Amino acid sequence: MSLVAGAGLLSLPFFFSRQRSGGTGVAGQITLSFVYSTEKESWISAAVAAFNQRGLTLGGKRISLPQAEERGSLDARDRILNGQLRPIIWSPASTLELNQLNDAWKAAHGGKEIVASSADLSPRSLVFSPLVFAVWEERARLLLQHYRVIDWEAIHSAVLLKNGWQDLGGPGDWGQIKLAQTRPDQSNSGLLSITLLAYAYFHQQRGLTSDQVRDKGFLHYLNDIEGAVTQFGRSSGTYLEREVILKGPSSYDLAFTYENLVLTYQAEAHQRQGMALLPFYPSLNLLSDHPFAILDAEWVTSEQQEAARLFRDFLLGEEQQREALKSGFRPTNAAVTIYDRLAGNPFPSLASSLKIPAQLGPEAQPPAGPVTDALLQAWLSAYGNSATATS
C-alpha cells in the first residue's frame, strides 16, 4: 500500500510511550490522548474542556484529556502507521481513512487490527456532514437553466463546453467553468470528491474495485473534471475561506466541499462577494461520518479503552450533539434535529434560502482501503505536481 509520508514529531510524551501504572499517567487519573480532524476543532475543543470540567471517573480514577490534537485525517493516518503518533482515540473525517489505516496496519502487523471492534468499543459516528457542490448564486442560476440539476453529469458537461459560460448564456468574460477541490492526498473532502466521481462514472452505489479506478475510460473522465480545477487546496476550511470565498467566482465558480463549511461561511461569502454560495447535493452522496475509533494497540490499556468509551458517550449525548449543530454538523443522536432552536444553529435560519434538505439521499459505500489507495495513486500519477494553493 502506498501512503503519503508525514513529517515531524509530536512532543507530547503520552503519544509515544505506553502508559504505566495501569495507563493512568498521573496517580489517580486515567489519561487519554485524542486526535481528531481539523474541521471539528470549534466543537471538539469546547467539548474536551467541558468533559474535563465534568470530572468523570472510572474505578475511582478521574478521566482526563490533557490535550486533544487536531490534525488532518490523512496526515494522522500516516503518522499512526509509521509510529510517530500513538493516540488512544482517533476521529478522522470519514470511514475512508479508518478503513485505510486498519487495512495497512493489518498488512504490517500479521493481520492484527488496530481499531477496537468489540461491541462496546467499535467505531461510532459522532456527527455527519455531506459533500456538496458549493456554487455562486449567479452561476448556479445558469447551470440550473441549462441542466435542470447540478450533479456530476452536468458538471462534466459544463467543463467541456468550448466557450465556457458563454455557451450557457453567461458573459464571455466569465471564461471557462472553474472548479475548486482540495488535494485528495491531503484532505478528506478531496478524497470524498474523487470517490464519488468514480461511483458516478460507473453508476454504482457500492462495490467499487481497484480495477475500475484504473479503467481508461474512468481516468479520462477524472481528467476532464480535475483538469478544470484552478488550484487545489490543502485543507477544506481554510481553502474555502481563503481561496474560494476570498477570490470569488473570478477564480472559482464551483467547489466540492462540506455542507457544514458552506453553512458556517455563508455570512462571509455574502460580505466578500455580495451573493450566496449555494449548496447542491449529489444524487449519491458519501458522508463525512466522523467515526470515533478507540485503538487496540500495545500502547493502549483496557482501562483507557473503557475511559475512552465514556468520553465517546459524552460526545454522543444530547448536550454535545446540540453544540455540534453550531458548527453546521448534522447530529447522530436521534433526539437532536437540525431544526432544534438554539442560539448559533445555522440550519433553521438558512434551510429555506439555501434549500437545505432535512433528509439526505442515498449514500455510497465507503470503498475498502486498497481501493481508496488505488484511486489516490491514479490521482497522484496525473495531478501530484499540480498547482496547489497554500491553504
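Hi everyone, let's start with one residue: Ser-189 is buried, because its relative accessible area is 0%. Buried here means under 20% relative accessible area, exposed means over 50%, and partly exposed is in between, with a 1.4 Å probe and protein chains only. A word on the source: this is a predicted model, so local features need pLDDT of at least 70 and side-chain atom pairs count only at pLDDT 80 or more, while totals for chains, interfaces and linings use all residues. Residues are numbered from 1 along each chain as its sequence is written, and side-chain values use heavy atoms, with hydrogens and water left out.

Back to our serine. Ser-189 sits in helix α6. Helices (H or I, at least four residues) and strands (E, at least two) are DSSP runs, numbered from the N terminus. What is Ser-189 in contact with, leaving aside its neighbours within four places in sequence? The list is Leu-131, Thr-182, Ser-236, Phe-256 and Tyr-258, where contact means heavy atoms within 4.5 Å.

Now to the nonpolar cores. A nonpolar core is a set of buried Ala, Val, Leu, Ile, Met, Phe, Trp, Tyr and Cys residues joined through side-chain atoms within 4.5 Å. The largest one has 81 residues, and those touching the most other members are Phe-133, Leu-143, Ile-150, Ile-155, Leu-179 and Leu-254. Helix α6, residues 188–202, gives this core its largest share, eight residues. Take Ile-155: once neighbours within four places in sequence are set aside, its contacts are Phe-133, Ile-150, Leu-179, Ile-225, Leu-254 and Phe-256. Another core, of 42 residues, lies apart from it, with Trp-43, Val-48, Ile-88 and Ile-294 among its members.

Next, the sheet. Five strands make an open sheet with mixed pairing, in the order β5-β2-β6-β13-β7. Two strands pair if DSSP finds at least two bridges between them. At the edges are β5 (68–70) and β7 (124–125), each pairing on one side only. Further in, β6 (residues 89–91) and β13 (residues 291–294) run antiparallel and are joined by two bridges. Trp-90 has Ala-293 in β13 as its bridge partner. Packed on this sheet is helix α12 (residues 302–316), which touches β2 (34–36), β6, β7 and β13, and its direction makes about 165° with that of β13. Those directions are N-to-C, along lines fitted to C-alpha atoms, for helices over the stretch in contact, with angles from 0 to 180 degrees. Among the buried residues of α12 are Phe-311, Phe-314, Leu-315 and two arginines, Arg-309 and Arg-312.

Finally, charges. Side chains of opposite charge can pair when their charged atoms come close. If we call a salt bridge a side-chain nitrogen of Lys or Arg within 4 Å of a carboxyl oxygen of Asp or Glu, the count comes to 22. One of them joins Asp-253 and Arg-139, at 2.9 Å from N to O. That pair links distant parts of the chain, 114 residues apart: Asp-253 is in the loop between α9 (236–247) and β11 (254–258), and Arg-139 is in helix α4 (residues 137–147). Both Asp-253 and Arg-139 are buried.

Arg-183 and Asp-185 form another salt bridge, with their closest N and O atoms 3.0 Å apart. Are these two buried or exposed? Arg-183 counts as buried because its relative accessibility is 6%, and Asp-185 counts as buried at 7%. Lys-326 and Glu-323 meet at 3.3 Å, N to O. Here Lys-326 is partly exposed, at 34%, and Glu-323 is partly exposed, at 32%. Lastly, Glu-69, Arg-71, Asp-75 and Arg-79 are joined into one network by salt bridges that share partners. Thanks for listening!
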